[in-house]
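Work through the exercises below with the sequence and the structure at hand. Each task is followed by a solution in steps.

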Amino acid sequence: LLAGGHLRHDYTTLTDAAPANMRARRACLCFGLVVVLVAGLTTDNHKLNAPRSALMPIVIVPGTGGSQLEARLDKPSSPHWWCARQADWFRLWLDTKELLLDALTQCWADNIRLMWNETTGAMQNAPGVETRTPDFGGVSAFSELDPSLPLHASSYFRDLIAALEARGYVAGSSLLGAPYDFRYAPSSKVGRRFTADLRALLERAREASGRPALLLAHSYGCLLSLHFLQGQSAAWKAKHVAGFVSAGGPYGGSAHELVVLASGSNEGVATVHPLTIRHEQRTYESNHLMLPSPAVFGAAPLVTTPERTYAPTQYADFFADIGWRHGAQVYGQVRSLLRGFAPPGVPTHCVYAVGQRTERNYTYGRGWPDAQPERVGHGDGDGTVNVESAEVCRRWPGTNVTVLRGVAHMDIVKDGDFIAAVEALLADVGAPPAEGVRAERGSEIAV
């Protein structure tokens, strides 16, 4: 939200009856998800060795801000007398009450920020802050982000998890999760450890079930998953990964990241002042990785100020003019991580949404960069990810594409049709299509 994993492992880092049209719509989406794995899994490299009745394991990789983070404090100083300097393990993200008063948010922002280490040339935790991601291999860290909220108000993957458990999936066994510290990019020490642990988790899933697993990711998790798959050998992927379901992946970046880095963004939380959290947002490697890619957005200006304009080809100037002294260094480390959008190399189904007003360009007044934009131009997308970014997956040969209409970014993984499609894929891979429904591998199914 304001950031713009039984194999039990804790990441620890220390300063380092529906209407007919609805039934048809659901049948179309379900078959679209099934057909891509049927096409891939029936090749010599993707035959399943276990009985067809066995559950195909699934590994979920959530999006940015989509994993709980825990922290332990032994800080040499704090920004205010009321900010704790020592504390045993507690939930750093998400703890909603820390965002209700600006005085508390200042303490929270100082705890969750990263800092540039001049010696190592990399981002790390603030001094005296130790962090970890709970329940790697399980799903509790992203089922809901703040379990203390009533009525499951911070629910994320909860609905999909419940639907799969109702079909016999068991969290930590056949239903696995890979939560992570969403502040970091795969190039970091923390990111490299996540990559190694994700590989081990998929190997464990194969060993336990006799079947390769389905990798399902949302949002920034799609970027991490793509980077991971690009780095594995074809033989390893054929053995361990049955397919990749990408939901709302911002492969070409998101224009909103420009505001996050320039002015700060409270993401609609009225009690949070954007400038209070701007610095911690700037320190996230992930926010730099999700900047609009010049290869996708081109050279047209996306930010206009009274003095000049900025295009995705001018980030060095952009960082200098907003006063973010380490921006160019961090961006230089992450800009090539997706290897020119090379394909994942496994049967892939890409799901993204359109039909929501999505920020695309910004005009600032004299308050630049400390004030919010005076005017915002919009384009198509899911309200967060611009359509041209989401549809990068169309470049991958053989990818099956499903376009959801009018579904917001965070609602993709909660969407009833999406959940039904995932259930159908996992429960009956290789089943014949529903009567009257047709699809081709690599086709688009609009929903």
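A residue counts as buried when its relative accessible area is under 20%, and as exposed when that value is over 50%. The model used here is predicted.

**Exercise 1.** Determine whether Val59 is buried or exposed, and describe its surroundings.

Solution. Begin with the location: Val59 belongs to strand β2, which covers residues 58–61. Next, take its relative accessibility, which is 0%, so Val59 is buried. Then list contacts, leaving out residues up to four places away in sequence: Val59 touches Leu176, Ala178, Leu198, Leu201, Leu202, Ala213, Leu214, Leu215 and Leu216. Finally, consider Gly138, which is 79 residues from Val59 in sequence, with a C-alpha to C-alpha distance of 9.3 Å.

**Exercise 2.** Find which residues of the largest nonpolar core touch the most other members, and which helix gives the most to this core.

Solution. The core has 84 residues, and those touching the most other members are Val59, Tyr251, Phe318, Phe319 and Tyr352. Helix α6 (residues 220–230) contributes the most, with 7 residues. Another core lies apart from this one; it has 29 residues, including Ala242, Val245, Leu404 and Val422. As background, nonpolar side chains in soluble globular proteins tend to be buried together.

**Exercise 3.** Work out the strand order of the open sheet that contains β14, and say which strands stand at its edges.

Solution. The sheet has 4 strands in the order β12-β11-β14-β15, with mixed pairing. β12 (309–310) and β15 (375–379) each have a single partner strand, so they stand at the edges, and one side of each lacks a neighbour in the sheet. Strand β14 (residues 358–363) runs antiparallel to β15, and 5 bridges join them. In one of these pairings, Glu359 has His378 of β15 as its bridge partner.

Conventions: Residues numbered from 1 in each chain as written. Predicted model: local features only at pLDDT ≥ 70, side-chain atom pairs only at ≥ 80, totals over all residues. Heavy atoms only, no water. Pairing = 2+ DSSP bridges. Helix = DSSP H or I, 4+ residues; strand = E, 2+ residues; numbered from the N terminus. Core = buried A, V, L, I, M, F, W, Y, C linked by side-chain atoms within 4.5 Å. Buried < 20%, exposed > 50% of the residue type's maximum accessible area, 1.4 Å probe, protein only. Contact = heavy atoms within 4.5 Å.
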